[in-house]
Structure formats: C-alpha cells, structure tokens
Amino acid sequence: MFPLRTVGHKHKDGLAARRNSHREIRTSVHDVGSEVSVATVDQPPPSLQSSHHDHELHRTRTYHPFAPHVLFLLMPASIFGVLARLGLVALATYNGQSIFPLAYVQGLGCFVMGFGLELKEPLGNFYPPLYTALTTGFCGSLTTFSSWQLDVFNSWLNSQGADRGGLRDFMDGLGKTVFTLAISLASVLFGSYIARVIYPFLPTLPPPSRTVRYMISTLSVLTYAATLPAYFLLPASYRHQATAALLFSFPGTLTRYILSTLLNPLLISFPLGTFAANSTGTGLLAAFHVIQSITNKPISPNGCSLIQGLDDGFCGCLTTVSTFAVEIRGLKGWERPRYVLMSWGAGQLLFLIIMGPSLLSGNVRKQLVCSFT
C-alpha cells in the first residue's frame, strides 16, 4: 500500500475535500460526543487504505477490538496513565490548596480524551490501536471514577476531622460532585476545540510497516513486564507510592475495555459496560478502604502496599471519568441525567453499604491506619 500522500493529485484533492467537509461537520455540532456512538468510543477506528491506482476504490483495514496489537498497546498506556495520575495528585496535594487534587487529574484526562476523540479519523488512518491506547488506555487510567466517589463520600463523613458542621460536610461533597462533572465535561470540549484548531496543520504520516507494528507490540509487552522487577528491586518505600499500582494497571484497564466492548452495544441509551466497570471498581475500592482502616487486625507493610496498589492501579484503571464524560455527551435528552444520577448514586450507595456497617461496628476508622513501613 502507498501512503495517502503518494497518490495522484486528483485523489489528493478528493481527500482534502473530504477533510474540509469533515471539519465543517465537526465544527457545526454543539459539542464533541453528540455524534459519537457510545458503543464504539473505546474501539479502534477503521484505517483508510489507499490503492495503487487513483481510480480504484478505497479499502478499509479494521482491527478487531481484541486484536493483539490493540491489547498490547494498552499496557504502556495504562502505566503512563497511572504515573501521570499519581504524579499530579502528589503535586497538587499541599497545605492551603485551593482545589481538591483530583480536579487536575480529571481535567487533564478529559482534555486529552476530547483531543483524541476529535482526531479519531487521522489516528485511525495512521495506526488504529494508537487511538484506543490514547483514549481507553492513557485517559481511562489517568482519570478515575472510584477515587472521585471515595472523595465525595469522605466529604460526607468529614474523614479529615475538620472543624465544621454537618451542612458544610454536605456542601463539600456536593462541591466535589458538581465541580468534577463541570470540569470533566468542559475539558472534553476544550480538548476537542484545540484538536480542531490544529487539525489542518497535521501531517499525513504513512502507516507503520508490519515490522514496526510488531516492534511496538513487543516493546509494549516488555514495558509491562518490567513492572515486576521494578516492584521487587526498587526501594520498598516506592511500592505504595507507585510500583505496586503499576503491577495492577493493565489488568484494570483490560477489564474495563472488555466490559465496555461487550456490554456497551447492548443498550443504545445506557452505556452498560462503563457503568459496570465504574460500579465494580467503586465497590472494590470501598472494600479495600475498609481493609486498610481496620484497627484490631493490622496488616503487614507489604500487604498494605499491595492493597494500595489495588486501590491506585486496579480500581483506578478499572474506573474512568474521561469515557464517562464523553458518553454523557453522546446520550440524548433525559438519557444524560439518568446516566449521571444512576452512576453517581450507585457509587455512593456502594460506599454506604460496604463502609457504613464497618464504621458503625467501631473496628474501622474513617482514616487509613495501614502502615507502609
């Protein structure tokens, strides 16, 4: 196959016309996501392949959602997403902070998500697995629905013991709920806008050769394999901070990707796969949080590090706000608030059912008691 730029001038003009037409359509809708099918947000797009002669029709090359090239590229994307999330949270956590740290995480992840979704066609023409790695892998692992729900629930409980009344506990939880939704949706739109601005200036790169594709897949597998020696060889103090989370990053992302691919097409008006992933991850995070807060049976430092890795790695990558925000825009009318309320309500209900009885028993504290040293 020839790259798109090596074909005849007539063919180039046709591509340019279609590209301009595509830009006009994209800028005429109210926002990104309104023309996106919630069933295929995570799946790799078809790749447009040019033929040897200008008069021949285009052919499309489609990667199966579970093709090895797609799954392998999710590995490094998940790792980089987790590292970016942990780094941003650490950077944004300080005395006198004016906004909760997860706001930066959700905002950046949704911005990149809107950017990638707007460039789905050129990414697909270059290398379709790259689109899935960017959106499902990196953005889905960077943003986290379960930690958002824990943050809100801790506000209701006033887990930090702040000197304030119950009404202010409610206001704190409500603020984290509303502002997270607003920041996420606005960031998706802003990322889409920036992508539309730079779209005409993007070069048309030829798709990678078969050798390059296999090299990318091999490096992806080796990158994830390196997380195991990193956990054991790096200092033990790194385990609860990052290396344990890296071990569980890809399993969480893969589980979410499987659920969304298999379940989202079942209901057009409700992304069942993403809902299942977010609810499952939130329930698991609530259970792990209870284990880390037990006072009468302390856990070993290694056990605490592994559970923290499950919190940040598996649950953080299993749940996502970036795809959640795009799906909200892809729904119509009352489908949008229904999806938001059911997802948010399920998350808070799971924390109430799982953590509530444990807190009432007196054997579990509001704060974590796990010791990593």
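# The largest pocket, helix H6 and selected residues

Analyst: In this predicted model, the residues that line the largest pocket divide into twelve nonpolar, 16 polar and eight charged.

User: What puts a lining residue into the polar group rather than the charged one?

Analyst: Asp, Glu, Lys and Arg count as charged, whereas residues that are neither in that set nor in the nonpolar set count as polar, Gly among them. Under that rule the lining of the largest pocket has 16 polar and eight charged residues, next to twelve nonpolar ones.

User: How much space lies in the largest pocket, and which residues are the closest to its centre?

Analyst: The largest pocket holds about 1300 Å³ of space. It is lined by 36 residues, of which Val89, Thr93, Asp151, Asn154 and Gln160 are the closest to the centre. The elements that each give two or more residues to this lining are helix H2 (68-92), H6, H7, helix H10 (239-263), H11 and H12.

User: Which element gives the largest share of that lining?

Analyst: The largest share comes from H6, which gives five residues.

User: How do you know that the span of helix H6 agrees with its number of residues?

Analyst: The expected span is 1.5 Å times one less than the number of residues, so the 13 residues of H6, residues 145-157, should span 18 Å, and the 19 Å between the end C-alpha atoms agrees with that value.

User: What makes H6 a mostly covered helix, and which elements help to cover it?

Analyst: A residue counts as buried under 20% relative accessible area, and eleven of the 13 residues of H6 are buried. Those residues are Phe145, Ser146, Ser147, Trp148, Gln149, Leu150, Asp151, Val152, Phe153, Asn154 and Ser155. The cover over them includes helix H3 (102-118), helix H7 (166-198), helix H11 (272-292), helix H12 (301-318), helix H13 (322-330) and helix H14 (335-361).

User: What makes the residue that follows H6 worth a remark about its phi?

Analyst: H6 is followed by asparagine 158, with a positive phi near 55°. Most residues other than glycine have a negative phi. Asparagine 158 is not a glycine, and yet its phi is positive, at about 55°. This asparagine 158 lies in the loop between H6 and H7.

User: Why is asparagine 158 classed as it is, buried or exposed?

Analyst: The relative accessible area of asparagine 158 is 11%, and the cut-off for buried is under 20%, so asparagine 158 is called buried.

User: Why is proline 129 called buried, and what does it touch?

Analyst: Proline 129 has a relative accessibility of 0%, and buried means under 20%, so proline 129 counts as buried. Proline 129 is found in helix H5 (residues 128-142). Not counting residues up to four places away in sequence, proline 129 touches Pro44, Tyr63, His69, Val70 and Leu73. The C-alpha atoms of proline 129 and histidine 69 are 6.6 Å apart in space, although these residues are 60 apart in sequence.

User: Why is threonine 243 called buried, and what does it contact?

Analyst: Threonine 243 has a relative accessible area of 5%, and the limit is under 20%, so threonine 243 is buried. The place of this threonine 243 is in helix H10, and, leaving aside neighbours within four places in sequence, threonine 243 is in contact with Ala230, Tyr231, Leu234 and Tyr238.

User: Why are phenylalanine 179 and alanine 90 called exposed?

Analyst: Exposed means over 50% relative accessible area. Phenylalanine 179, at 51%, is therefore exposed, and alanine 90, at 54%, is therefore exposed too. Phenylalanine 179 is in helix H7, with its C-alpha 9.9 Å from that of isoleucine 99, 80 residues away in sequence. Alanine 90 lies in helix H2, and its C-alpha is 9.6 Å from that of glutamine 241, 151 residues away in sequence.

User: What does the UniProt record annotate as "transmembrane region", and how much helix is found in residues 98-117 and residues 129-148?

Analyst: The unreviewed UniProt entry gives that annotation to residues 70-92, 98-117, 129-148, 178-202, 214-234 and 339-360. In the model, residues 98-117 are 80% helix and 0% strand, with end C-alpha atoms 31 Å apart. Residues 129-148 are 90% helix and 0% strand, with end C-alpha atoms 28 Å apart.

User: What share of the whole protein counts as buried, and how many helices and strands are there?

Analyst: Of the 373 residues, 49% count as buried, and the protein has 14 helices and two strands. Among contacts between residues at least 6 apart in sequence, 80% join residues at least 24 apart.

Conventions: Residues are numbered from 1 along each chain as its sequence is written. This is a predicted model: local features need pLDDT of at least 70, side-chain atom pairs count only at pLDDT 80 or more; totals for chains, interfaces and linings use all residues. Side-chain values use heavy atoms; hydrogens and water are left out. Helices (H or I, at least four residues) and strands (E, at least two) are DSSP runs, numbered from the N terminus. Buried means under 20% relative accessible area, exposed over 50%, partly exposed in between (1.4 Å probe, protein chains only). Contact means heavy atoms within 4.5 Å. On a 1 Å grid over the protein atoms alone, a cavity is a set of points where a 1.4 Å probe fits but cannot get out, and a pocket is an open set with protein on both sides within 12 Å along at least five of seven lines; lining residues have an atom within 4 Å of a point. Grid points are joined across faces, edges and corners, and a volume is the space filled by probe spheres set on the points. UniProt positions are given in the numbering used here, feature names are shortened, and annotations may be inferred rather than shown by experiment.
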